[in-house]
Amino acid sequence: GHFVKDLCVEELKKLNPDLLLLNELFDAVSIDSILFYLDLKGNMNIIHLLMPLLNKRFSYDQLKRFYISGFDRHYMDLIKCYDVPAYYGFTTDNNLHYEDLKYMVERNYYNKIPLQFVCFHWTCLDNMNIQYLHKHNIQVFTYISENVEKPLPVDFTKQFSLDGIVMNYLC
């Protein structure tokens, strides 16, 4: 196997001709008609590439259509250096304890950036946590990975008051 970070664009395209680069995606869709959810992964240096790209490519108002999150909360230490008015949150596959949520909400920051949403794995959804976050004007999403059992758990999520479902595939 190969690590993406070790390959140039030409090598990536050769290995996967259907690969869509971020710039190609931005060219293919109208930013004014959809919301973008960017789930950060990998090396922290991705921030130094992504944030200037977003600032260069999109207007201030268009940047408000981006939701930026990741499992690694250290990303936010770097993001706060950039003026990108996106929505910032974090992704977790943990059913967080009330005290953990309370700590984040009462301070209303995520490493000096306001916590605007939390994205839980669908198996970690909890009505009390969702109500608590909503009470404090924090959006709640759930994510469903593509390797779930069929049928998809979308019907399961209907029992929760969610602001959205994040999937990296079409149903």
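Asp155 and Lys158 are both exposed in this predicted model, and their side chains form a salt bridge whose closest N and O atoms are 3.1 Å apart. That pair belongs to a modest theme of charged contacts: the count comes to six salt bridges. Another of these joins Lys13 to Glu24, at 3.0 Å from N to O. Here the partners come from distant parts of the chain, with Lys13 in helix 1 (residues 9-15) and Glu24 in helix 2 (residues 22-28), eleven residues apart. Lys13 has a relative accessible area of 23%, so it is partly exposed; Glu24, at 29%, is partly exposed as well.

Helix 2 turns up again in the bridge between Arg57 and Asp27, where the closest N and O atoms are 2.2 Å apart. This one links helix 3, which holds Arg57, to helix 2, which holds Asp27, across 30 residues of sequence. Arg57 has a relative accessible area of 30% and is therefore partly exposed, while Asp27 reaches 58% and counts as exposed.

Turning to the nonpolar side chains, the largest core has 20 residues. Met51, Leu54, Phe66, Ile68, Ile79 and Tyr88 are the ones with the most contacts inside this core. Strand 1 (36-40), helix 3 (46-57), strand 2 and helix 5 (75-79) each put in at least two residues, and helix 3 gives the largest share, with four. Tyr88 has a long list of partners once its neighbours within four places in sequence are set aside. Among them are Met51, Ile68 and Ile79, along with Met76 and a run of contacts that includes Ile113, Pro114, Leu115, Gln116 and Phe117. A second core, separate from this one, has 16 residues, including Phe90, Leu96, Met104 and Tyr132.

Met104 also features in helix 6 (residues 98-107), where Leu101, Met104 and Val105 are buried. Looking down the axis of helix 6, the buried residues fall within an arc of 95°, so they line one face of the helix. What they pack against is strand 3 (87-92) and helix 7 (127-135). Phe90, another member of the second core, has a charged neighbour too: Arg73 lies over the face of the Phe90 ring, at 5.2 Å from its centre.

Aromatic rings make up the last part of the picture, with 15 aromatic pairs in the structure. One of them is Tyr67 with Phe141, an edge-to-face pair with 5.5 Å between centres and 80° between planes. Tyr67 sits in strand 2 (residues 66-70) and Phe141 in strand 5 (residues 139-144), so this pair ties together parts that are 74 residues apart in sequence. Both Tyr67 and Phe141 are buried. Phe141 has another ring partner in Phe117: the centres are 5.4 Å apart and the planes lie at 85°, so this pair is edge-to-face. Phe117 belongs to strand 4 (residues 117-121) and Phe141 to strand 5, so the link again spans distant parts of the chain, 24 residues apart. Phe117 is buried, as is Phe141. Both rings are members of one aromatic cluster, made up of Tyr37, Tyr67, Tyr87, Phe117 and Phe141.

Definitions and conventions: Residues numbered from 1 in each chain as written. Predicted model: local features only at pLDDT ≥ 70, side-chain atom pairs only at ≥ 80, totals over all residues. Heavy atoms only, no water. Phe/Tyr/Trp six-rings, centres within 6.5 Å; stacked < 30°, edge-to-face > 60°. Buried < 20%, exposed > 50% of the residue type's maximum accessible area, 1.4 Å probe, protein only. Lys NZ or Arg CZ within 6 Å of the ring centre and 35° of its normal. Core = buried A, V, L, I, M, F, W, Y, C linked by side-chain atoms within 4.5 Å. Contact = heavy atoms within 4.5 Å. Arc of directions from axis to C-beta. Salt bridge = Lys/Arg side-chain N within 4 Å of Asp/Glu carboxyl O.
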